[in-house]
Amino acid sequence: MFSFFRLFKKSEFKSVIQTMRGYRNIKSKDNLDIIHKLKKEICQTKLRVHLLNHNKLIFLNLDTKKVELILRQFLISRLLGLDFNKNILKIFSKNDFFEFSYPLPYEWLIQIHKKG
């Protein structure tokens with residue numbers, strides 16, 4: 001008999017179990033929109049672009065506001081996808097907030113810790 005769980009390695013299986021447990025915890029608390037709210041708050045959080053030394057070379061003398069918007073949109077499209085959702089669900093799989101290890105800008109990590 002073929003088993004679906006044989007497709008996963010042990011480490012992948014543990015990750016899937018943690019993700020599903022986090023989803024069940026969120027669903028039992030009737031709080032399924034928390035990931036969407038968190039992403040919305042992160043998207044509205046501005047980044048500190050003035051710390052970049054080479055923004056004149058990269059962005060060709062654009063406004064600081066435009067540079068910040070360009071960087072924020074790029075990071076949102078690259079970092080806040082399915083893997084981000086899985087990591088957030090893993091946080092909710094446990095009762096206590098473990099160290100969230102995901103490559104995000106400092107300002108966004110502060111937003112996540114405020115929600116946690």
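**Figure 1. Arginine 72 and glutamate 68 pair in a salt bridge in this predicted model.** The N-to-O distance between the two side chains is 2.8 Å. Both residues lie in helix α4, which spans residues 64-79. Four residues separate them, about one turn of the helix. Are these two partners buried or exposed? Arginine 72 is buried, because its relative accessibility is 12%, under the 20% limit. Glutamate 68 is also buried, at 7% relative accessibility. Side chains of opposite charge can pair when their charged atoms come close.

**Figure 2. Lysine 37 forms a salt bridge with aspartate 33.** The structure holds two salt bridges; this view shows the pair formed by lysine 37 and aspartate 33. Their closest N and O atoms are 3.4 Å apart. Lysine 37 is partly exposed, with a relative accessible area of 40%. Aspartate 33 counts as partly exposed too, at 38% relative accessibility. Both values fall between the 20% and 50% limits, so neither residue is classed as buried or as exposed.

**Figure 3. The largest nonpolar core contains 17 residues.** Which members touch the most others? They are Ile42, Phe84, Leu104 and Trp108. Helices α2, α4, α5 (82-93) and α6 (106-115) each give two or more residues to this core. Across the protein, 30% of the 116 residues count as buried.

**Figure 4. Glutamine 111 of helix α6 is a buried residue.** Its relative accessible area is 17%, and the limit for buried is 20%, so glutamine 111 falls within the buried class. What does glutamine 111 touch, not counting residues up to four places away in sequence? The list is Leu38, Glu41, Ile42 and Thr45. Ile42 is also one of the core residues that touch the most other members.

**Figure 5. Glutamine 18 of helix α1 contacts residues far along the chain.** Glutamine 18 counts as buried, at 17% relative accessibility. Leaving aside neighbours within four places in sequence, its contacts are Leu89, Lys90, Ser93 and Lys94. The C-alpha atoms of glutamine 18 and isoleucine 91 are separated by 8.6 Å. Along the chain, glutamine 18 and isoleucine 91 are 73 residues apart. Over the protein, residues 24 or more positions apart account for 64% of the contacts with a separation of 6 or more.

**Figure 6. Leucine 89 shows the contact with glutamine 18 from the side of helix α5.** Leucine 89 is buried, with a relative accessibility of 12%. Which residues does leucine 89 contact, leaving aside neighbours within four places in sequence? They are Gln18, Thr19, Gly22, Tyr23, Ile26 and Ile35. The C-alpha atoms of leucine 89 and glutamine 18 are separated by 7.6 Å. The two residues are 71 positions apart along the chain.

**Figure 7. Val16, Met20, Tyr23 and Leu32 form a nonpolar patch on the surface.** Together they have about 330 Å² of accessible area. Methionine 20 lies in helix α1, residues 10-28. Methionine 20 is partly exposed, because its relative accessibility is 41%. Tyr23 of this patch is also among the contacts of leucine 89. For the whole protein, the accessible surface comes to about 9,000 Å². Carbon and sulfur atoms hold 57% of that surface.

**Figure 8. Aspartate 30 has a positive phi although it is not a glycine.** The angle is about 55°. Where is the place of aspartate 30? It is in the loop between α1 and α2. Aspartate 30 is exposed, with a relative accessible area of 70%, over the 50% limit.

**Figure 9. Helices α2 and α3 mark the two ends of the confidence range.** The protein has six helices and zero strands. Along the sequence, the pattern is α-α-α-α-α-α. Mean pLDDT is 78 for the protein. Of its residues, 71% reach 70 or more. Helix α2 (residues 34-44) has the highest confidence, at a mean of 89. Helix α3 (residues 55-59) has the lowest, at a mean of 60. Where pLDDT is low, the predicted coordinates should not be read in detail.

Definitions and conventions:
Residues are numbered from 1 along each chain as its sequence is written. This is a predicted model: local features need pLDDT of at least 70, side-chain atom pairs count only at pLDDT 80 or more; totals for chains, interfaces and linings use all residues. Side-chain values use heavy atoms; hydrogens and water are left out. Patches are made of residues with over 30% relative accessible area and no salt bridge: like charges are joined within 9 Å, nonpolar side chains (Val, Leu, Ile, Met, Phe, Trp, Tyr) within 5 Å. Accessible areas come from the Shrake-Rupley method with a 1.4 Å probe; for residues, only the protein chains shown count as cover. A salt bridge is a side-chain nitrogen of Lys or Arg within 4 Å of a carboxyl oxygen of Asp or Glu. Buried means under 20% relative accessible area, exposed over 50%, partly exposed in between (1.4 Å probe, protein chains only). pLDDT is the predictor's confidence in each residue, from 0 to 100. A nonpolar core is a set of buried Ala, Val, Leu, Ile, Met, Phe, Trp, Tyr and Cys residues joined through side-chain atoms within 4.5 Å. Contact means heavy atoms within 4.5 Å.
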